[in-house]
Structures are given as structure tokens and as C-alpha cells.
Amino acid sequence: MNPVVLHVEPNNHETDGRIERVANQVRDYFTLNFAMPTNARVICYLDGTDRDWLKQMWGGASNRGVHWPIRGQGLHDWPQDMWCTIACSDPPSGEIDWPYESVIYLHGSTCQIEVQLAMTLAHELQHFLQYSHQRQTWAINTLLAKLPYLPSADLNHWYDLPAEREARIIGKRVSEAIFGKLVVNNHIEIMARTSCSVEDAADWSFIRALDSNEAYDVRAATIPFVERHRQGLEDLQRTTFSADKDLGTVSLDI
Ligand SMILES: [Zn+2]
């Protein structure tokens with residue numbers, strides 16, 4: 001069984017088919033080119049609309065999608081209407097079956113532009129692979145993003161995090177494989193020019209400069225960050241994340 005399950009929320013008959021086709025191409029790329037988990041599944045919820053609460057939680061207006069590990073965190077912040085797709089309860093008993101390890105969510109506006117759909121879906125799927133295959137690296141990157149004194153000299157932008165850099169490399173690589181470099185570069189130019197915030201414009205400039213074929217070792221790239229922020233990470237583990245099974249107990253010796 002393919003560990004990547006696609007759900008296109010019905011919206012417009014014509015565009016729904018296009019969205020499904022592009023999402024399938026992204027999934028096929030991952031299946032062919034990467035080792036996929038054998039004991040974990042992810043559901044990709046490709047929405048027909050945008051969800052403001054989700055944008056507010058992650059990055060504001062420029063948020064295009066998210067990878068959310070369900071295990072250990074649950075779905076209590078997520079709207080009830082999505083529950084039945086992500087984790088349906090059995091009506092007689094009220095028991096919830098948890099078929100997926102993670103949910104990947106993409107806003108409707110992300111799905112409407114094919115290149116953006118491919119780039120964001122591949123980006124979030126790479127986070128799913130980080131979570132599945134490199135849990136320690138994933139957890140340390142998640143903690144780094146929560147350091148209370150950010151921004152710092154080395155963590156000034158979201159894309160400074162090694163896990164985010166890798167996700168952007170893969171997002172660019174997969175969309176180029178599907179649409180070609182020219183189409184992707186044009187898309188990046190348009191997004192950089194029309195972006196809704198200074199941070200988003202910086203992000204697109206970063207993506208434009210990335211080499212999509214770069215062989216990037218996310219674990220090795222994380223080590224210097226641990227060396228520089230060990231005290232802050234230990235403080236977070238002792239306080240905010242003391243009860244979190246991944247973040248609270250992860251070894252910082254990477
Ligand atoms: Zn990301």
C-alpha cells in the first residue's frame with residue numbers, strides 16, 4: 001500500500017481533476033526516487049478553500065501548507081469537518097481509528113496553481129520523510145524553531161533551519177522534474193515580485209538561488225546549530241516540552 005494517501009476536497013469538477021493529476025505526479029516522484037516508510041502513512045488534504053486559522057498558526061498570509069504529525073499531538077486544533085477524512089470515529093463506539101501518522105494540508109489557493117501545488121506538496125512530503133526516517137534531526141529542528149530568543153544571527157529566517165532548506169531543495173527539484181526548469185523559474189520570479197510580505201519575498205529569493213540538485217545532508221547541517229544553541233535547546237526540553245515524547249526526550253548528541 002502506498003504510504004502517501006491523497007484526498008482532493010471536492011470543489012470544482014474541472015480543477016479537481018487537474019489537482020489530482022499533479023498530486024499523483026508528485027507522489028510518483030517520491031515513490032520512484034526516495035525510500036518511503038513501510039510502517040507509516042500520511043494523508044494529503046488538498047483543500048478547495050483557504051483556512052485562515054491555519055495561516056495564523058503557521059506563518060501568516062504567506063502560509064501555503066503544513067505537515068502536521070498527528071501522533072502525540074492529536075487533532076484538537078483542527079476543524080471538525082476535516083476529522084472524518086483524517087481520523088474517522090466509529091459511530092457505535094465513538095472510538096477513533098488513527099490510520100495516519102501525519103497530515104499534510106494544502107490551502108485551496110496553493111492547489112489552484114499547478115507549479116505551486118507540486119512545490120508545496122513535495123516540500124511537505126519531505127518533512128514527512130524527515131519525521132519518519134530522521135526523527136532525531138526532525139525533533140531538533142522543531143526545537144530550534146521554538147527557541148525563545150529568535151531571531152538570532154544564524155536563525156534569522158525560517159529557511160535558515162536545515163530541515164527547511166532541505167524541504168525547499170526537494171520542492172524545487174520535484175516541481176522542475178514535472179514542469180521543467182523554465183516554468184519553475186518563471187513561477188519563482190512571479191512569486192518573488194508579487195509576494196505579500198518582506199519575509200515571503202526573501203524566501204522566494206532564497207528558493208531562486210537554491211541549486212535543486214544539491215546533495216544536502218540535513219543531519220550534518222544540524223550539528224553546528226546544536227553546538228551553538230545547546231543551552232537554549234536543553235532549557236526548552238526541561239520546560240515547555242518536558243511532556244513531549246519526541247521533543248522532550250530527544251538526545252542532542254546528533
Ligand atoms: Zn517547511
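The following questions and answers walk through a predicted model, from its sheet to its helices.

Trainee: What is the order of the strands in the open sheet?
Mentor: The sheet is open and holds four strands, and their pairing is mixed. From one strand to the next, the twist averages 15°. Read across the sheet, the order is β1-β2-β4-β3.

Trainee: Which strands stand at the edges of the sheet?
Mentor: An edge strand can be recognised here by its having a single partner strand, so that one side of it is left without a neighbour in the sheet. The two strands for which this holds are β1 and β3, the latter spanning 65-69.

Trainee: In which sense do β3 and β4 pair, parallel or antiparallel?
Mentor: Five bridges connect β3 with β4, and within this pairing V66 stands opposite Y105 of β4. The other neighbour of β4 (residues 102-106) is β2, where five bridges are formed in the parallel sense and V42 stands opposite S102. For β3 and β4, however, the sense is antiparallel.

Trainee: Which residue of β2 is the bridge partner of L6?
Mentor: Strand β1, residues 4-8, runs parallel to β2, and five bridges join the two. Among the bridged pairs is the one that contains L6, whose partner in β2 is C44.

Trainee: What is the handedness of the β-α-β crossover from β1 to β2, left or right?
Mentor: Between β1 and β2 the chain passes through helix α1, which covers residues 13-33. This helix lies across both β1 and β2 and runs at about 170° to β1. The crossover made in this way is left-handed.

Trainee: How many residues of strand β2 are buried?
Mentor: A residue counts as buried if 20 or more other C-beta atoms lie within 10 Å of its own. On one side of β2, V42, C44 and L46 are buried, and on the other side I43 and Y45 are buried as well, so by that cut-off both faces are covered. The strand, residues 42-46, is therefore largely enclosed by the rest of the structure, and its buried residues number five of the five.

Trainee: How many of the 20 residues of α5 are buried?
Mentor: Helix α5 (residues 114-133) reaches 28 Å from its first C-alpha to its last, close to the 28 Å expected at 1.5 Å a residue. It lies across β1, β2, β3 and β4, running at about 165° to β4. The helix is mostly covered, and the buried count is 19 of its 20 residues.

Trainee: Why does G171 count as buried?
Mentor: G171 has its place in helix α7, and, leaving aside residues up to four places away in sequence, it touches M119, T120, A122 and H123. G171 counts as buried because the number of its C-beta neighbours inside 10 Å is 25.

Trainee: At what angle do helices α7 and α8 pack?
Mentor: Two packed helices are described by the angle between their axes together with the distance between those axes. In the contact between α7 (residues 162-179) and α8 (residues 181-194), K172, S175, E176 and F179 of α7 meet K181, V183 and V184 of α8. Their axes are 7 Å apart, and the packing angle is about 125°, which means that α7 is oblique to α8.

Trainee: Which two residues are joined by a cis peptide bond?
Mentor: The bond has an omega of about 0°, and one of its residues, P151, is found in the loop between α6 (135-145) and α7. The residues joined by this cis peptide bond are L150 and P151.

Note on methods: Residues are numbered from 1 along each chain as its sequence is written. This is a predicted model: local features need pLDDT of at least 70, side-chain atom pairs count only at pLDDT 80 or more; totals for chains, interfaces and linings use all residues. A residue is buried if 20 or more other C-beta atoms lie within 10 Å of its own, exposed if 12 or fewer, and partly exposed in between; C-beta atoms are placed from the backbone. Two strands pair if DSSP finds at least two bridges between them. A crossover is right-handed if, with the strands pointing away from the viewer, the path from the first strand over the helix to the second runs clockwise. The expected span of a helix is 1.5 Å times one less than its number of residues. Axes are lines fitted to C-alpha atoms, for helices over the stretch in contact, and angles run from 0 to 180 degrees between N-to-C directions. Angles under 35 degrees count as roughly parallel, over 145 as roughly antiparallel, 65 to 115 as roughly perpendicular and the rest as oblique. Two residues are in contact if their C-beta atoms, placed from the backbone, lie within 7 Å.
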